[in-house]
Amino acid sequence: MSENSIGRGHHIHLIDGSGFIFRAYHALPPLTRKSDGLPVGAVSGFCNMLYKMVEDQKGSDAPTHLVVVFDAKGKTFRSDIYPEYKANRPPAPEDLVPQFPLTRDATRAFGLAQIEKTGFEADDIIATLAVQARDAGARVTIVSSDKDLMQLVGDGVEMYDAMKNKRIGREQVEEKFGVGPERVIDVQSLAGDSVDNVPGAPGIGIKTAALLINDYGDLDSLLSRAEEIKQPKRRQTLIEKADQIRISRDLVTLKQDTPLEFDFSDYEVKAPDADTVLKFLTEMEFRTMSARIASKLGVDAPAIPDAPSAVVAAGAMPDVPFDPDKYECVRDLGALKSWVDKIYARGYVAFDTETTGLNEMVVDLVGICLSVEPGEACYIPLTHKDGEGDLFGGDNLAEGQIPLEQALEILRPVLQDPSIMKIGQNIKYDTKIMARYDVAIAPVDDTMLLSYAQHGGLHNHGMDALAERYLDHKPISIKTLLGTGKSAITFDRVPIVDAVKYAAEDADITLRLWQKFKPQLHAAGVTQVYETLERPLIPVLANMEMNGIKVDRDHLSRMSNNFAQKMAGLETEIHELAGQEFNVGSPKQLGEILFDKLELPGGKKGKTGAYSTGVDILEDLAAEGNDLPARVLDWRQMSKLKSTYTDALQTHINPDTGRVHTSYVISGASTGRLASTDPNLQNIPVRSDAGRQIREAFVADAGNVLLSLDYSQIELRILAHIAEIDALKQAFYEGQDIHALTASQMFDVPIEGMDPMIRRQAKAINFGVIYGISGFGLARNLRIPRKEAQSFIDTYFERFPGIRTYMDKTVEFAKQHKYVETLFGRKIHTANIDAKGPQAGFSKRAAINAPIQGTAADVIRRAMVRMPAAIAHLPAKMLLQVHDELIFEVPKEAVAETTEVVRGVMENACEPVVKLDVPLVVDAGTGANWAEAH
DNA sequence: AGAGTCACG
DNA sequence: GACGTACGTGACTCTG
């Protein structure tokens, strides 16, 4: 950074952008954009204030330099000093959230510089810039009325309250604090701040604080001479709370050395570009302002149609056709730099990586695609290979590519710049790839998740499906480039000219989808869902996936051998019983043996004409004393465990890390649950003894243990809350055995000394209710006559009438709205709810289940999003999520503290948005392996 | 590619 | 009165 670009004779305005936003929001009535209902009241106020600043400050007072400073998202270093800092701030109002990025756009449109920095408040940046500019000899005006900034006043630094049109100098600061600017920190440390949760000294306000500071000179003298204070209570407070006061001082002291990359020359004031500013105002549909500014700039005011604006709905542009020939191939530094300039001018970029495969932990980066405007995209080839390769790799790099490191050096700043939005389709993938090249991509938007939040339950959210459905365009298939099967090649072997068309198109599509989806978020009522439950999960899951979990290969290998031997024995036995050899793994052949050859009863053919040979059927046959199906059941269990777990899991061990790295799919399940793939670590066996041994292969690193915490009965608790079942709520409050209580209510038996069979039946009913119970289903599950099952259900509804009401109301809601909702506002669409015939039952049960399963999914998502900050001070790592369970790897000595912290986050995950009528309870376990921990 | 089966919550 | 059925996933194997 260069301090010489500002100095004597210069005047810099440091505008508190976040302050502007909140004042504009609270001062103005809610205003929405006519064409689509996007809330824009705060943006409008913000623009007015910005413009007024620029206009009013002409003449001798006019700034030569100006920069708008914003608060970045997320926690700041002050939370590390004092976790409660600003902790009881409510989240920003729903209709303000989408306006934050728009105010950045507005600043850019007005041709003004802006800055923000993750981990620091706008006030810290202002302090840092103010001090540097002042020290260089420039005059500084801080445009804000925030009292927290008053400590900076003096020596050529003034403040200006843009709303009251009032300058704030030394005199006004003394008026407010009773001391000069240099003692403001001392007074604030004592007085504290209830809004920001700065504790200060209890019972001492600004008046008393000023009195004390004036008497003793400064805070340190006051604290060291506290014994001299006459008033006993005040004396005691200052002695006892000295530490708290010092922490408060750390909190209120603005950081004057915030690490920033900037150059004052970037902040030189220049006239706004008429086209740019009017384009923005037109998009926002600010008629009055655009007319006023147009006349000031001496151009014609643009027409803003009254009717729903196609300009806005399509994202400012009429549909541009897809044209692969328009895509640019970036092959030299100059071209790359001009793309970076384009991105800065825009403020956002669609971003996509091309790699040699699909496993983010292993594959190499091949190229990068960018797009900032529909129809305009580029591909930057980086590591394409020359020719087809040979036995020895044939690893010559193709000609005409920017060296990887050089390209990354140029791209890294913009990809990490907090003011530049990076847009991806499943950007968790690209985040993980780039993390391996030391690029920490942030902030991000994800078109897959934007779609998931708005269209969950309607369709999947892959790029191909979204492009066809929403852009009426079928993307080039990757298979046309790579081929299929054995002859398939990797992307680095694709000729660059062909790669450009495919790869750049992905970025183009992503950008178009974003322009379509992002403005619809609010109208769809899922801004909060996207902002709190979807997007923040991206970095959390990326980290968990990169952590991976250690797996004991030898343990698995021994089990595989063991299974193989037993299977061989069983196979011989089965063939003998059948009287012939056949493939035990073939359901078709097995069915023919059982029901045609041996003529056993119960042969039912499915729609394909094959006999059904599922567990239920085989178990029935085995129960009647048939050995063959019993042996087949044993064989099947071993075959399953061997192929899916003990064999396959070994192939997933990453050679570099020695660990298994799953991938979570955020938008996989319609209810909001995650899905785990490659490998699926959410279905590792636990129910059978043989299966549980597989969990023993999941181990902690030396000196560590695995720590597992799971929600106890979370879905039943949520059901008790949603359906308002008082008896269940009370039982959960009293910590009773919920299934025993259900049984006692249903069958009028005491809980003490209850027959386990009765409890088992009640448990099955409880689960059945969550799934949208039916007599048939319960009968099959419990293996009792259908009549009996139906009478259980009738009794259940009698004893807990709220359940029936909930089920009816939910189906009714689904029919009316075509979606159902979780407690946190996640919408799950129920397109088939009006279906006739067999479909009807399915859809109703799914609709009944979705709010329960979905709310539970939301709860653990909230816990996961908060977890990294909560455990940042601990050596613990979060590794896995299994729907209601989180697994951590923790050094032994930190287990107790980690358990306490994690349990707190999980049990309070609903706060402050939802207050459950039942407590959430989390059970914990630890051990050297997952079997012990669970 | 789809069906069948079975592992999990 | 008859449909057919527990809710939500992913991986593996066989088969056409």
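Angles between helix axes under 35 degrees count as roughly parallel, over 145 as roughly antiparallel, 65 to 115 as roughly perpendicular, and the rest as oblique. The model is predicted, with local features needing pLDDT of at least 70 and side-chain atom pairs counting only at pLDDT 80 or more, while totals for chains, interfaces and linings use all residues. Residues are numbered from 1 along each chain as its sequence is written, and side-chain values use heavy atoms, with hydrogens and water left out.

**View 1. Helix 33 packs against helix 34.** Helix 33 (residues 756–770) and helix 34 (residues 775–782), both DSSP runs (H or I, at least four residues) numbered from the N terminus, pack at an angle of about 140° with their axes 10 Å apart; the axes are lines fitted to C-alpha atoms over the stretch in contact, and angles run from 0 to 180 degrees between N-to-C directions. The two helices, helix 33 and helix 34, are therefore oblique to each other. Arg760, Gln761, Ala764 and Ile765 in helix 33 meet Leu778, Asn781 and Leu782 in helix 34, where contact means heavy atoms within 4.5 Å.

**View 2. Helix 7 crosses helix 11.** The axes of helix 7 (residues 184–191) and helix 11 (residues 242–252) come within 8 Å and cross at roughly 125°, so helix 7 and helix 11 are oblique to each other. On the helix 7 side, Ile185, Gln188, Ser189 and Leu190 meet Ile245, Ser248, Arg249 and Val252 of helix 11.

**View 3. Domain 2 and domain 3 of chain A.** Domain 2 (271–313) and domain 3 (324–527), with bounds from an automatic or database domain assignment, have centres 33 Å apart, taken over C-alpha atoms.

Terms used: Chains are lettered from A and ligands numbered from 1 in the order in which they are written.
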